[in-house]
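Biologist: I should be grateful for a close look at a single part of this model, namely one strand and its surroundings. Please set it in the context of its domain, its chain and the partner chain.

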Amino acid sequence: MLKKKIIKKDHLKPFLRKLSKGSDLIAPVRNELGDLLYQKIYSLDHQEIDLAAQPQESAKPFLFPQSERLYTYDCAKGYKFEPEKDGKPTVLFGLRSCDISAILYMDVVFMRGPKDAHYIRKRDKTIIIGIGCNQPWENCFCNATKTGPFLEFGFDLQLTDLGDRYFVESGRARGDSILDSWPQFFSPVTEEDKRLRYQLVLEARSGFTRQVHVDSAFKRIEQEGVSPSIWEYLAKRCDGCGGCAYICPTCTCFTIYDSPLSPDKGERIRMWDSCTHIGFTSMAGGHNPVNPQKDRLKRRFLHKLYYDYREFKRPSCVGCGRCLGICFGGVDIGLFVEMVCSSHKEPVEKETSILLAKLLVEAGLIDEETMQKALKDTINRGIPLGKILVDNGLVTRKQLAETLIQEIDSLGKIKSPGKGA
Amino acid sequence: MMNQPQHIKNNHYTPNNGDMLLPSEATIKDIIIENSTIKTFVIGLTDPQHAQSFSYMPGHFVMVSVPHQGEAPISISSSPTQQGPFHLSIRKAGRLTSAIHNMTKGDFLGIRGPYGRPFPMKALENRDLLIVAGGIGLAPMRSVINYCVDNASQYSSLTLLYGSRSPSDIAFKADLEQWERHPLVDVRLTVDVAEPGWNGHVGLVTSLLEDIEINNQSHSALLCGPPIMIDAVSQMLQDKGLEPENIITTLERNMKCGIGLCGHCYMNGIYICKHGPVFTMSQLNEIKRHQPK
């Protein structure tokens, strides 16, 4: 049975000071520009760990850096490669459940088959201390990907914020030994603590505002495939910038290139790459087997939500919601899932959308021109009209509901969909 | 995900320190000029122990490092039946291959591998082999043909159909002459465009195929060349009654690691570098079926 303890918030800093002695401590810190990012802590006295929100980037770069020197090479006499020296051990503190889940996925990628020595030498020396999310944020959907808001495993320690104290649970033997090494900071868990924690976990689970039906999307893709119009629409909106892959905590594709330092010396660098870049698959001579852009998007979304789902029985999306805010064109996992899930009702949707559009224009809530645009959007994207109108602030949910209720009242009865005929 | 034939094992040379991305030093022992854009480099590994333990089969590829240019996947063009250094036949196509073409005897390269799944030479024993290659596509097939020639009693027959753009583009001339003299091998050449003095066949490689009789019970075809050639030849062979499982090809992709990590060669849930690059057409059909409608 793994250990459970309580640590008072006042004791957290002294505990981290002890734990991270001789290691690099990484924790969420708000920088001078107001961005909350996982950063290296140089001084616990001068940097404030901020656990109030989800960091804007994941912890991916600390195990798989955006740009990393693998070797220095010398080609003066012969051609010799010198591997990078091992760094210090690392304590990753304050990781959100999505970010820990993403590390577990990276473990599969880099340690399953041929092992990646450069990943392993960092990973083996990394302690992970997570914090469950009492309140999901606006774009979060880890409930749908089963990667949060609290985890059952994958961490050394997981904290739950109980107000003036944290509930601390160990997730593996190393977590237990951390708790045993510094008993002065921890006190036993009471029944009240357990009850409070249980309640917070339940509340967190019911706190999601965004519904991204990842499971239904997988089933739909498996059974019905994906309508070509979805790929075409997404490709029109995608600039191939790779931002979604860079921000994604589970995107692990990379390129390797040489950077000369002198005629005789240079560095071999590994850098993040993205499957949405046109050059990702093109070869010397110009042939590109994955072209045009819709093929690249197909590969990206199906890798995460279909092929990985088939292989690992879960998607390689951890529901962190970060790609939902990063794309100029709104081409994110949320939109894709929504389009896949709603595409099968397209014809019905069209009819109801046109009826709804008529009612709203008649009620004087939206002018005809705006409605035409919204209708076009509905048909192109396969997203319900009501959602488009509400999302763009053209009507409120209440207005929408009232208009529909009036119509239903005037009809005198509701014909339940799916039960007729 | 895909059933791997028993006799094909993933072949990963793991250096002593376990770092799969670390290249080993090698030297260019010799250079054979094959045509105006293709050269064959004879490669010797510096570390005698590594050279000793370096084993491969036709169809394997290595990651080649060129100083300041990075790495590229190149298939081995020599046969493991021939002792000593191995060969890489390289067409000058881009930045890295141009740099290799500018190198001379005694220059240094980095080598990782061999990687991938090779041609199923064991399963092909006692069969009539039809090898169809276009341009540089003969490079991996050179390994296959020399392997068969050196184990001639194991294979029923070998017909090579080799297409080039023009007579002066015909590469591997020394090999072709040797094979022409060997009783196992029937060499048939064609060029897209003739030049003065050319008395041979003119037309696409598919036109050579018209005269070939195919028996699915005894024939296996091995294809390598531009994608459009592979598609056309594969279709024609199937029209002649050859089952997709008896048509084998090797795919070329952008690869950065060669070991299924970097993601560049990912396709419908598999990695060309480690699940291939050699596939039967039935395997490729199955991979295509992985993709949802």
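Modeller: A residue is called buried if 20 or more other C-beta atoms lie within 10 Å of its own, and exposed if 12 or fewer do. By that criterion, 49% of the 293 residues of chain B count as buried in this predicted model.

The strand I have chosen is β4 of chain B, which covers residues 70–75. Of its 6 residues, 6 are buried, so β4(B) is largely enclosed by the rest of the structure. Its two faces can be described separately: B:G70, B:A72 and B:I74 point one way, whereas B:E71, B:P73 and B:S75 point the other way. The residues on both faces are buried, the charged B:E71 among them.

The partner of this strand is β3(B), which runs antiparallel to β4(B) and is joined to it by 6 bridges. Within this pairing, B:F61 of β3(B) stands opposite B:S75 of β4(B). The two strands form a hairpin with 3 residues between them, and B:H68 takes a positive phi near 70° there.

Next comes the place of the hairpin in the chain. The domain assignment divides chain B into domain 1, residues 24–115, and domain 2, residues 128–290. Their centres, taken over C-alpha atoms, are separated by 21 Å. Across the boundary, 21 residues of domain 1 of chain B are in contact with 22 residues of domain 2 of chain B. On the domain 1 side, the elements that give two or more residues are β3 (61–66), β4 (70–75), β5 (86–91) and β6 (108–115) of chain B. Both strands of the hairpin therefore belong to that list. The largest share of this side, 3 residues, comes from β6(B). In composition, the domain 1 side divides into 8 nonpolar, 10 polar and 3 charged residues.

The chain as a whole has 8 helices and 15 strands. Its radius of gyration is 19 Å, close to the 19 Å that the globule rule gives for 293 residues, so chain B is as compact as a globular protein of that length. The C-alpha trace spans about 50 × 50 × 40 Å along its principal axes. Among contacts between residues at least 6 apart in sequence, 71% join residues at least 24 apart.

In soluble globular proteins, nonpolar side chains tend to be buried together. Here the largest nonpolar core has 172 residues, and those with the most contacts inside it are A:L305, B:I131 and B:I145. Helix α3 of chain B (residues 138–150) gives the largest share of this core, 8 residues. B:I131 touches, among others, B:M141, B:V144 and B:I145, as well as B:L158, B:L160 and B:L222. Apart from this core lies another of 7 residues, including A:L356 and A:V395.

Finally, the partner chain: 42 residues of chain A are in contact with 37 residues of chain B. On the chain A side, β11(A) gives the most, with 6 residues. That side divides into 23 nonpolar, 11 polar and 8 charged residues.

Key: Residues numbered from 1 in each chain as written. Chains lettered and ligands numbered in written order. Predicted model: local features only at pLDDT ≥ 70, side-chain atom pairs only at ≥ 80, totals over all residues. Helix = DSSP H or I, 4+ residues; strand = E, 2+ residues; numbered from the N terminus. Rg over C-alpha atoms; globule rule 2.2 N^0.38 Å. Contact = placed C-beta atoms within 7 Å. Core = buried A, V, L, I, M, F, W, Y, C linked by C-beta atoms within 7 Å. Domains from an automatic or database assignment. Pairing = 2+ DSSP bridges. Lists of a residue's contacts leave out its neighbours within four places in sequence.
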